[in-house]
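Me: Please take one helix of this model and go through it closely. I would like its geometry, its surroundings and what packs against it, in one connected answer.

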Amino acid sequence: MGRRIKHTENDVNALARLMMSEAIGEGPEGMEMVGTVVANRVEADCEPDFNNLRNIRHAIYQTIPGTGIPHFEPVLNGALYTQRPREEDLQRARNLLQGHRNPRARMNLWFFNPSPGQSYRDPCTPTMPRSPMTQFDHAYRNHCFYVGVPGYCPEFYR
């Protein structure tokens with residue numbers, strides 16, 4: 001279990017849309033793993049990457065420092081705004097915001113799809129692109145999941 005994140009129904013909807021736009025082809029578990037990473041970022045609250053992410057929308061719309069480019073591809077390409085979550089998608093998001101975390105992604109703060117639009121996944125890299133303080137943890141279908149290197153974000157990695 002993680003920390004409960006204060007939220008509104010708009011937050012629930014936004015998280016459900018992000019999970020769908022990022023991982024709908026990966027089924028409920030893939031979407032839950034993506035949502036777990038987003039919730040973990042709010043819970044982590046550590047320098048330099050995740051400081052002051054006070055709610056789930058801060059995490060969803062966060063940009064790469066100094067670039068103005070969103071962290072998440074669905075925000076950048078607009079796919080986030082085309083999703084229409086069903087009740088089961090909304091409930092998955094509510095569960096995450098109420099403290100549930102996918103056990104496999106519980107310690108992950110990053111993920112990425114190295115081969116968007118392809119039916120297969122290119123190999124995962126040892127570190128997350130543009131994030132040298134990461135190390136590969138595991139892959140699930142099209143996504144690679146990462147944790148912080150030892151000493152990174154001690155507030156989260158207790």
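Reply: What follows is a close look at helix H2 and its surroundings.

The model is a predicted one. Helix H2 covers residues 27-44, which makes 18 residues. From its first C-alpha to its last it reaches 26 Å, close to the 26 Å expected at 1.5 Å a residue. After the helix comes Asp-45, which has a positive phi, near 45°.

Is H2 enclosed or open to the outside? Of its 18 residues, 16 are buried, so H2 is largely enclosed by the rest of the structure. The cut-off behind that count is a relative accessible area under 20%.

One neighbour is helix H1, residues 9-23. The axes of H1 and H2 come within 9 Å of each other and cross at roughly 125°. That angle is neither over 145 degrees nor between 65 and 115, and the two helices are therefore oblique to each other. Their crossing is right-handed. On the H1 side, the residues that meet H2 are Leu-15, Leu-18, Met-19, Met-20, Glu-22 and Ala-23. On the H2 side they are Gly-27, Gly-30, Met-31, Glu-32, Val-34, Gly-35 and Val-38.

Two residues of this meeting, Leu-15 and Val-38, return in the largest nonpolar core. That core has 44 residues, and those touching the most other members are Leu-15, Val-38, Ile-56, Ile-60, Leu-109 and Tyr-152. H2 is among the elements that give two or more residues to the core, together with H1, helix H3 (56-60), helix H5 (87-97), strand E1 (110-112) and strand E3 (143-148).

Leu-109 also ties the core to H2. Its contacts, leaving aside neighbours within four places in sequence, include Val-37, Asn-40, Arg-41 and Ala-44. Beyond these, Leu-109 is in contact with Phe-50, Tyr-146, Tyr-152, Cys-153, Phe-156 and Tyr-157.

Helix H5 is another partner of H2. The buried residues of H5 pack against H1, H2 and H3. They are Asp-89, Leu-90, Arg-92, Ala-93, Arg-94, Leu-96 and Leu-97. Asn-95 also lies in H5, but at 31% relative accessibility it counts as partly exposed. H5 is followed by Gly-99, where phi is positive, near 115°.

In short, H2 is largely enclosed, crosses H1 obliquely and has the buried residues of H5 packed against it.

Conventions
Residues are numbered from 1 along each chain as its sequence is written. This is a predicted model: local features need pLDDT of at least 70, side-chain atom pairs count only at pLDDT 80 or more; totals for chains, interfaces and linings use all residues. Side-chain values use heavy atoms; hydrogens and water are left out. Helices (H or I, at least four residues) and strands (E, at least two) are DSSP runs, numbered from the N terminus. The expected span of a helix is 1.5 Å times one less than its number of residues. Buried means under 20% relative accessible area, exposed over 50%, partly exposed in between (1.4 Å probe, protein chains only). A nonpolar core is a set of buried Ala, Val, Leu, Ile, Met, Phe, Trp, Tyr and Cys residues joined through side-chain atoms within 4.5 Å. Contact means heavy atoms within 4.5 Å. Axes are lines fitted to C-alpha atoms, for helices over the stretch in contact, and angles run from 0 to 180 degrees between N-to-C directions. Angles under 35 degrees count as roughly parallel, over 145 as roughly antiparallel, 65 to 115 as roughly perpendicular and the rest as oblique. A crossing is left-handed if the near helix is turned anticlockwise from the far one by less than a right angle, and right-handed if clockwise.
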